[in-house]
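Please work through the following exercises with the sequence and the coordinates side by side, and attempt each task before reading its solution.

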Amino acid sequence: MKGFLGRAGWAGLTLLGVFAVAQVALSRGEALNVLWLITAAICVYAIAYRFYAAWIAAGVLSLDATRATPAERLNNGRDFVPTNRWVVFGHHFAAIAGPGPLVGPTLAAQFGYLPGTLWILIGAVLGGAVQDMVTLFLSTRRNGRSLGQMARDEIGAIGGIAAMFGTFIIMIILIAVLGLVVVNAMKHSPWGTSTVAATIPIAMIVGVYMRYLRPGRVLEASLLGVVLLLGSVVLGGWVDHHPVFSAWFDHEGLPLAFSVIAYGFAAAVLPVWLLLAPRDYLSTFMKLGTVLMLAVAILWLRPDIRMPAITPFIDGTGPIFGGKLFPFVFITIACGAISGFHALIASGTTPKLITSESDIRMIGYGAMLLESFVALMAMIAATILEPGVFFAINSPAGVVGKEALDAVNTISSWGYQVSVEQMQNLASAMGESTLFARTGGAPSLAVGMASILGTVFGTHLLALWYHFAIMFEAIFILTTLDAGTRVGRFMLQDMLGNLHPKLGETSYTPSVIFTSALVVAGWGYFLYIGVIDPNGGVNILWPLFGIANQMLAAIALSVGTGILIKSGKTRKAWITGLPLIWLLIITTTAAYEKIFSSDLRVGFFAAANDLSHKLAAGLLPPEKAAVAPQLIFNQQLDAWLTLFFVVVLWVVFVDMLVMSWRYFAGKPVLPSTETPYVPTSYVSGKFSE
């Protein structure tokens, strides 16, 4: 009877999910209530986790809870540390959930709510979560090896070397982008800066509490950390209005950049239990608490989506960024559906902390579903705004006009009505002087969040909620930066270990300091260049983020597919093979357009050449002519880096195909580097006596 009720319940949930997805996909003319989006998401996530993820865990990967993990076998108190599953989940989610699920869906709303929403749901359950789970499993079975090292050990020398260098350079670019977004969010924001700074000593207090004062008392430590964290948020508001303390945390971009660089080095060098894991774990409370509060407020208000399902800008004429719906909606959504950066975390810090293989499903697949839900919340927050307001905030002044009147006239001509008075009143309510041309996605997301939370908890607090949302976004991103830096150190140690074994030891202190310094210097240089760039650095780094991230995901899926085939699981390798083929298509298409398109808003070389001709002809105003050489170099650098990334991707993919052909033909292939079975000393999460 119990089994029948269970099957009936899941059947009912499936029917509800199908109906909700149909409402989202087919609704036209009438306004769509956000409840349909949330219902569709919850049903899709629940069914995928209960059945698809469970089948992968048991039928494909064969997770074994009796097998000792690297955290237990190689426990060194620094990087390999057996850690409570919920702390690991918190660390992993905090590390993977960076700017992508917040900014990507917000920007992709330019095409309407439908394309981005469908990709967030489908891409996460069939691609992103599968990639994260499979990569985490493979790395855990190989002593926490990095993605590039696994490619070299398992696929082949050519593809492996390409993957190692390619993923490392992509990682440097990604971390630099994260740092730039954080610096821009904290610039001249004493509230956000003081709160983010306070999370560092709070994390260290919690780390010491759990390791020495009250070992194993995770709930106590969590409560202590949450109380201190909430106190830091309140204190940040007080600091923001204090005439003396406010000045201590009110800085330009460059001092903040150096502070972020110093923090990144500390996070990579200090023992993981002291700073990285507890800080990310506590940041998860802030992230999940805010997202949960936002979800509750949305359920309470039940607002309608105001953005059309599909806008005319799917043809590539959008004001926020150039490019057609295909392939750029997939590139723009990025982390909300599938992210290569996740594979670096899943083969970096996380496999060195997991106590039991049985946790891989929850941490690998579950955390990605949670991030996908965050992306959906961001999409909702953006699309409940009036379309005219959304485009007024996100459209660059160069597209809609520098003057407010010009901007509203241009946007209104597209059929999305907005007025100067409406934007002035909104800016005043948010405590800002203006909201025109606040590009990048973060400000419009903050406006959407503040509008929702303010309506439920008090419209007189709109300015507070707006700045809280900005601070929330900064914390959201910084936790990805610190984990990324440590993963970059692991990747570099793996590469140098091929030259000198001692340098490959993660517990060898000289190697730790040396490689950490190199990684931080790498992304710190790009961050420095971005901060001092007259255009804010976005033109240097951001265009590469989406393409590089998705190419990295394709590399991870290539490695996963190759290892599954070599392990005799060819008939089940489609779980990674199908999303791999899709990513190959969209990333190669996007790279081709960004390199060779004649559209000045799409093609890197086209934009550089146009600017060069205008500079030579003296057609540029003096202020733009002064920075034109740097802008031209940036565009050309973007083009060559994109070309390098796509070559790396295809080298890895082709090498995987060659290895698979050799396996099917009965020819020798590289032996598996999976570690031999060692029984665990843990029983039900505790050491056996």
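The exercises below treat salt bridges, a surface patch, a helix pair and some backbone features.

The model is a predicted one, in which local features need pLDDT of at least 70 and side-chain atom pairs count only at pLDDT 80 or more, while totals for chains, interfaces and linings use all residues. Residues are numbered from 1 along each chain as its sequence is written, and side-chain values use heavy atoms, with hydrogens and water left out.

**Exercise 1. Salt bridges between distant parts of the chain**

Task: Determine how Glu674 and Arg141 are paired, and where in the chain the two residues lie.

Solution: Begin with the criterion, by which a salt bridge is a side-chain nitrogen of Lys or Arg within 4 Å of a carboxyl oxygen of Asp or Glu; by this rule the count comes to eleven salt bridges. Glu674 and Arg141 form one, with their closest N and O atoms 3.1 Å apart. The pair links distant parts of the chain, 533 residues apart: Glu674 is in the loop between helix H27 (622–664) and strand S3 (682–683), and Arg141 is in the loop between helix H6 (113–140) and helix H7 (147–154). Helices (H or I, at least four residues) and strands (E, at least two) are here DSSP runs, numbered from the N terminus.

Next, classify the two partners, taking buried as under 20% relative accessible area, exposed as over 50% and partly exposed as in between (1.4 Å probe, protein chains only). Glu674 counts as partly exposed because its relative accessibility is 32%, whereas Arg141, at 7%, counts as buried.

Finally, turn to the salt bridge between the side chains of Lys566 and Glu154, with an N to O distance of 2.4 Å. This pair, too, links distant parts of the chain, since Lys566 is in helix H24 (residues 538–566) and Glu154 is in helix H7, 412 residues apart. Both Lys566 and Glu154 are buried.

**Exercise 2. A pair within one helix, and a network**

Task: Work out how Lys614 and Asp610 are placed along helix H26, and which residues are joined into one network by salt bridges that share partners.

Solution: The side chains of Lys614 and Asp610 meet in a salt bridge at 3.3 Å, N to O. Because the two residues are four residues apart in helix H26 (residues 604–616), Lys614 and Asp610 are separated by about one helical turn. Lys614 counts as partly exposed at 34% relative accessibility, and Asp610 counts as partly exposed at 24%. As for the network, salt bridges that share partners join Arg67, Arg141, Glu357 and Glu674.

**Exercise 3. A nonpolar patch**

Task: Identify the residues that form the nonpolar patch on the surface, and the helix from which the largest share comes.

Solution: Patches are made of residues with over 30% relative accessible area and no salt bridge, like charges being joined within 9 Å and nonpolar side chains (Val, Leu, Ile, Met, Phe, Trp, Tyr) within 5 Å. The residues are Phe326, Ile581, Trp582 and Ile585, which together have about 330 Å² of accessible area, a value from the Shrake-Rupley method with a 1.4 Å probe, for which only the protein chains shown count as cover for residues. Helix H25 (residues 574–596) supplies the largest share, three residues. Ile585 is found in helix H25 and counts as partly exposed at 40% relative accessibility.

**Exercise 4. A helix pair**

Task: Describe how helix H17 and helix H21 pack, and state which residues meet.

Solution: Two packed helices are described by the angle between their axes and the distance between the axes. The axes are lines fitted to C-alpha atoms, for helices over the stretch in contact, and angles run from 0 to 180 degrees between N-to-C directions. Helix H17 (residues 387–394) and helix H21 (residues 442–457) pack at about 145 degrees, with their axes 8 Å apart. Phe390, Ile393 and Asn394 in H17 meet Pro443, Ser444 and Val447 in H21, contact meaning heavy atoms within 4.5 Å.

**Exercise 5. Backbone features**

Task: Establish whether the peptide bond from Phe326 to Pro327 is cis or trans, and where Ala334 lies.

Solution: Most residues other than glycine have a negative phi, and most peptide bonds are trans. The bond from Phe326 to Pro327 is cis, with omega near 10 degrees, and Pro327 has its place in helix H14 (residues 325–333). Ala334 lies in the loop between H14 and helix H15 (340–346); its phi is positive, near 50 degrees, and Ala334 counts as buried at 3% relative accessibility.
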